[in-house]
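Here is a short set of exercises to work through with the sequence and the model side by side. Try each task on your own before you read its solution.

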Amino acid sequence: MTTRSFLQEQAYKSIKEMILSGELAPDTLYSETKLAAQIGVSRTPMREALQCLVQDGYLTIIPSKGFMIRQLSQKDMYETIQVRCALEGFCVQLIASEAGSKKHEVLMTRLNKLLQKLEKAVTARDFPKSFIRYDHEFHLMLIHYVDNREISQLFQRSMYLIQLTSAAALSVPGRVQGTLDEHQEIYKCLIDGDGDGAYRNMIAHLMLPLNMKIANK
């Protein structure tokens with residue numbers, strides 16, 4: 001992962017963007033050779049890029065046939081949310097403990113502006129795309145505040161499954177407003193330096209999709 005060649009990195013980024021944008025769809029078998037030609041790389045960097053995407057949870061390799069975009073199972077969702085609870089639960093407690101510091105103040109200002117964007121995204125023409133983007137940005141700000149490379153990498157590896165989880169959750173009636181309210185509660189706890197409250201609200205927020213049973217079986 002850290003020693004990718006230029007062409008491997010190019011292939012990795014191109015395919016990842018195609019997956020996240022929806023250009024590559026689930027339930028479709030893709031040819032490694034055809035996609036390599038489309039992107040403009042040879043088979044070796046293409047194969048290496050695909051292996052990295054498998055490790056990061058984006059793809060499933062079908063031996064001698066090609067690859068498919070990974071779909072979200074109940075087990076995938078459960079494990080991804082467990083990881084997020086561990087990471088983000090720690091992050092919000094640390095952030096709350098630093099209330100009053102300049103770094104904390106800067107983050108609160110950024111989060112407040114982002115929450116305003118998130119609320120406006122509900123009625124935007126590109127909903128739910130922009131809503132999901134701002135939702136992810138909210139959580140990424142919390143992760144990046146800690147400035148821990150290992151935590152950031154773990155979170156990034158879960159990004160595709162996080163996106164699938166978010167899209168599925170928002171399809172449930174009332175979940176959009178619920179997401180807004182929960183983000184505001186987390187924000188208020190962080191402003192007040194209430195680490196325990198921020199932790200409880202974050203865990204409840206992240207665990208909610210499991211109770212909805214919205215994952216694909």
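Buried means under 20% relative accessible area, exposed means over 50%, and partly exposed lies in between (1.4 Å probe, protein chains only). This is a predicted model, so local features need pLDDT of at least 70 and side-chain atom pairs count only at pLDDT 80 or more, while totals for chains, interfaces and linings use all residues. Residues are numbered from 1 along each chain as its sequence is written, and side-chain values use heavy atoms, with hydrogens and water left out.

**Exercise 1. Find which residue pairs with Arg43 in a salt bridge, and work out what the pair ties together.**

Step 1. Start with the rule: a salt bridge is a side-chain nitrogen of Lys or Arg within 4 Å of a carboxyl oxygen of Asp or Glu. Side chains of opposite charge can pair when their charged atoms come close.

Step 2. Apply the rule to Arg43: its partner is Glu32, with the closest N and O atoms 3.9 Å apart.

Step 3. Place both residues. Helices (H or I, at least four residues) and strands (E, at least two) are DSSP runs, numbered from the N terminus. Arg43 belongs to helix H3 (residues 43-55) and Glu32 to helix H2 (residues 32-39), so the salt bridge ties together parts that are 11 residues apart in sequence.

Step 4. Check the accessibility of each partner. Glu32 is buried, with a relative accessible area of 17%, whereas Arg43 is partly exposed at 46%.

**Exercise 2. Compare the salt bridges of Arg70 and Lys75: what is the partner of each?**

Step 1. Arg70 pairs with Asp76, and their closest N and O atoms are 2.6 Å apart. Arg70 is partly exposed at 23% relative accessibility, while Asp76 is buried at 12%.

Step 2. Lys75 meets Glu79 at 2.3 Å, N to O. Both residues sit in helix H4 (residues 74-97), four residues apart, which is about one turn of the helix.

Step 3. Lys75 counts as exposed at 55% relative accessibility, and Glu79 is partly exposed at 37%. Elsewhere, salt bridges that share partners join Glu32, Arg43 and Arg47 into one network.

Step 4. To finish, note the total: the structure holds eight salt bridges.

**Exercise 3. Decide how many disulfides the model has, and why Cys91 forms none.**

Step 1. Take the cut-off: a disulfide is a pair of cysteine sulfur atoms within 2.5 Å.

Step 2. Test Cys91. Its closest cysteine sulfur is in Cys85, 12 Å away, which is too far for a bond.

Step 3. Test Cys189. The closest cysteine sulfur is again in Cys85, at 16 Å, and this is also too far for a bond.

Step 4. Give the count: by this rule there are zero disulfides. For context, Cys91 is buried at 0% relative accessibility, and Cys189 is buried at 9%.

**Exercise 4. Which residues form a positive surface patch, and which elements give two or more of them?**

Step 1. Set out the rule. Patches are made of residues with over 30% relative accessible area and no salt bridge; like charges are joined within 9 Å, and nonpolar side chains (Val, Leu, Ile, Met, Phe, Trp, Tyr) within 5 Å. Lys and Arg count as positive and Asp and Glu as negative, with His and the chain ends not counted. The place of a charge is NZ of Lys, CZ of Arg, CG of Asp or CD of Glu. Accessible areas come from the Shrake-Rupley method with a 1.4 Å probe, and for residues only the protein chains shown count as cover.

Step 2. Name the members: Lys113, Lys117, Lys129 and Arg133 form a positive surface patch. Helix H5 (102-121) and helix H6 (129-145) are the elements that give two or more residues to this patch.

Step 3. Look at one member. Lys113 is found in helix H5 and counts as exposed at 54% relative accessibility.

**Exercise 5. Locate the backbone features at Pro128, Ser64 and Asp147.**

Step 1. Pro128 is in the loop between H5 and H6. The peptide bond leading to Pro128 from Phe127 is cis, with omega near 10°.

Step 2. Ser64 lies in the loop between strand E1 (59-62) and strand E2 (66-69). Although Ser64 is not a glycine, it has a positive phi of about 65°, and it is exposed at 86% relative accessibility.

Step 3. Asp147 lies in the loop between H6 and helix H7 (149-157). Its phi is positive, about 55°, although Asp147 is not a glycine, and its relative accessible area of 66% makes it exposed.
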